[in-house]
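Me: I have a structure open and would like a close look at a single part of it. Could you pick one residue as the starting point and then work outward through the helices around it?

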Amino acid sequence: MEACRYDSKKQANQLTLGQVVSLFLAFMILFSSLVNSLTSANFLNLPTYTYASLAIFLASIILWLFVAIDWPSLVCLICLGFLPEISYNQVFELSFGNTTFVFLFFTFLVTHALQETHFLNRLTSLAINNKWAQANPWRFTTAFLAISLVIASFISPTILFMIAFPVYEQIVDQFGFNRGDKNASKLLIALFSTIAIGTAMTPINHISALTAMGLYNSAFNVELTNGMYMSFAVPAGLVIFICLYLSLRWVWKLKLSGVYLTSVRLLTNIPKADRKEKWTVSIFALVVILWILPEVLKLFDLQAGLFLSQAGIAFPPLLGSFLLAFIRIEGQSLIHLDQAIRKGVFWPSMLLVAASLALGSIMAMPELGVVSLIEHALAPIIGQLSPLVMVFVFVTWAGLQTNFSSNLVTVSLVTTIILTNARTGEGLPVNTGVIASLIGFMASLAFMTPLSMPYVAIAIGSGWTNAKDCFVYGLWLLLISILSASFVAYPIGSTLLSNLP
């Protein structure tokens, strides 16, 4: 759901001039592909099917970046079915039938059930309403940011921000900050940046990482699990969070010296947890455990670990969704599937995921010639880079693009290029699985511009911060994130997951 970047203006019936130009350009590219197929014109001296594949890829990227994410995804799927040797059954199998798509669908249902309870507010209340946090303003701020990091690791970032923002407003009111105050601005930027960091640390309910992992799994038929991803993403994320905290104190110089806490009590009127909440939280915890358990059980060569590994990442949320719909408390199911599907699943993002998975898989098919084209054109250039420089280039590319465009489009574009290069004859001198994951990791770290994520636009629109502060402080964090991904995450990942191609 973090891919929901397109605001109501972009979804309105009236198109802007830029959108009209993008539409015209995208459809001209697709039309040129049709003309090329009918006349065998061999545009750019490329085989018909190679040119068609590249045209669909380029037109889809333009539409996703500048127009919308929902109906262009359907256009992409329709066009893919016209490619030679590709049937619509294959397109549907690679998109809606992909394990990643199924995983996201059921994960949205399980997460929606958790969001319908008071559990997240209760967790935040426990973190900030205790003696340690209440001792001084810096401890209070630390507790607030730390619990936001934890919750962000398994909740959609935009939804979490909407939950945390009212708490933030109460905090700055208690601290005596007003709109326009630099300290209030720095604290708000720290809040949504912390949420972004937590989002990058795990693939649980986070589309960017999951899409990158799904593209890799489809390309190499090797399962990159949640536990594998977290083995290097969590350490790198913690390094970024620590650097954020240190920056907040000694680089950005948030001033809390004039703040005197007497008793800042927030979220104190939360109803006592009922049976429904307890069951829902227990089922969600079970799902998370089943995601991580296979990596532990395989260490002991237990049969249960083998079963869970073969069942795949979609099995735990499927089981959780069943339990939530089956278990009844006081005559009511924990969730009503029809309502959860309508309210809990963000379908525009799901369509984009489906189209990205199909597009990435089809682009990598040797018979379409795109792999050979890249092998002759880009592979020599990329091949001259040292492994460390190559990692740094792709990580930086993903980090910059995601802060100015859609995170899912970033994942689709950058991951497809790195995977297509990796499928060439000589391959790449790096761990492709780890780099693909790091592209998803960086695509979650969006905190510079209103275009990057909805919560940045909401924060700027609230008056508590401004676009300049977000850009300056966000750029600082982006540089830290690039360094952490390149010099912390990749070395750890390439060492622990050296068996991955």
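Reply: Happy to. Let's start with Leu215, which is buried because its relative accessibility is 4%, under the 20% cut-off for that class. Please keep in mind throughout that this is a predicted model.

Leu215 sits in helix H12. Setting aside neighbours within four places in sequence, Leu215 is in contact with Ser356, Leu357, Gly360, Val411, Ser412, Thr415, Thr416 and Leu419. For a sense of how the chain folds back here, take Ser437: it is 222 residues from Leu215 in sequence, yet the two C-alpha atoms are 9.7 Å apart in space.

Ser437 leads us to the helix that packs against H12. Helix H12 covers residues 207-220 and helix H23 covers residues 432-443; their axes come within 7 Å and cross at roughly 155°. The two are therefore roughly antiparallel to each other, as the angle is over the 145 degrees used for that label. The crossing of H12 and H23 is right-handed. On the H12 side, the contact is made by Ser208, Ala209, Ala212, Met213, Tyr216 and Phe220, and on the H23 side by Thr432, Gly433, Ala436, Ser437, Gly440 and Ala443. Sorted by class, the contact of H12 with H23 holds 7 nonpolar and 5 polar residues, with no charged ones. The spacing of such a list along a helix has a simple background: an α-helix has 3.6 residues a turn, so residues three or four places apart point the same way.

What comes after H12 in the chain? The loop between H12 and helix H13 (226-251) is the place of Asn221. Asn221 has a positive phi of about 55° although it is not a glycine. In contrast to the buried Leu215, Asn221 is exposed, with a relative accessible area of 73%. Past H13 there is another backbone detail of this kind: Lys253 lies in the loop between H13 and helix H14 (275-299), and Lys253 also is not a glycine but has a positive phi of about 55°.

Now back to the contacts of Leu215. Ser412 and Thr416, two of its partners, also appear in another helix pair. Helix H3 (residues 48-66) packs with helix H22 (residues 407-422) at an angle of about 155°, with the axes 10 Å apart. That makes H3 roughly antiparallel to H22. Unlike the right-handed crossing of H12 and H23, the crossing of H3 and H22 is left-handed. Here Phe57, Ile61, Trp64 and Leu65 in H3 meet Val409, Ser412, Leu413 and Thr416 in H22. The residues of this contact divide into 6 nonpolar and 2 polar, again with no charged residue. So Ser412 and Thr416 of H22 are met by residues of H3 and are also in contact with Leu215, which is found in H12; I cite no cause for that, just the shared residues.

H3 has a residue of another kind, too. Leu58 is placed in H3 and is partly exposed, with a relative accessible area of 42%.

To finish, here is the wider setting. The largest nonpolar core has 173 residues, and those with the most contacts inside it are Tyr168, Phe192 and Phe441. Helix H11 (residues 182-201) gives the largest share of this core, 12 residues. Phe192, not counting residues up to four places away in sequence, touches Phe161, Phe447, Tyr455, Val456, Ala459 and Cys470.

For a comparison elsewhere, try Val287, found in helix H14. Val287 is buried, with a relative accessible area of 2%. Apart from neighbours within four places in sequence, Val287 is in contact with Val110, Pro316, Pro317 and Gly320. Val110, Pro317 and Gly320 turn up again where helix H6 meets helix H16: that contact is made by Phe103, Phe106, Thr107, Leu109, Val110 and Ala113 of H6 and Pro317, Leu318, Gly320, Ser321 and Leu324 of H16. Of these residues, 8 are nonpolar, 3 are polar and none is charged.

Notes: Residues are numbered from 1 along each chain as its sequence is written. This is a predicted model: local features need pLDDT of at least 70, side-chain atom pairs count only at pLDDT 80 or more; totals for chains, interfaces and linings use all residues. Side-chain values use heavy atoms; hydrogens and water are left out. Axes are lines fitted to C-alpha atoms, for helices over the stretch in contact, and angles run from 0 to 180 degrees between N-to-C directions. Helices (H or I, at least four residues) and strands (E, at least two) are DSSP runs, numbered from the N terminus. Angles under 35 degrees count as roughly parallel, over 145 as roughly antiparallel, 65 to 115 as roughly perpendicular and the rest as oblique. A crossing is left-handed if the near helix is turned anticlockwise from the far one by less than a right angle, and right-handed if clockwise. Contact means heavy atoms within 4.5 Å. Ala, Val, Leu, Ile, Met, Phe, Trp, Tyr, Cys and Pro count as nonpolar, Asp, Glu, Lys and Arg as charged, and the others, Gly among them, as polar. A nonpolar core is a set of buried Ala, Val, Leu, Ile, Met, Phe, Trp, Tyr and Cys residues joined through side-chain atoms within 4.5 Å. Buried means under 20% relative accessible area, exposed over 50%, partly exposed in between (1.4 Å probe, protein chains only).
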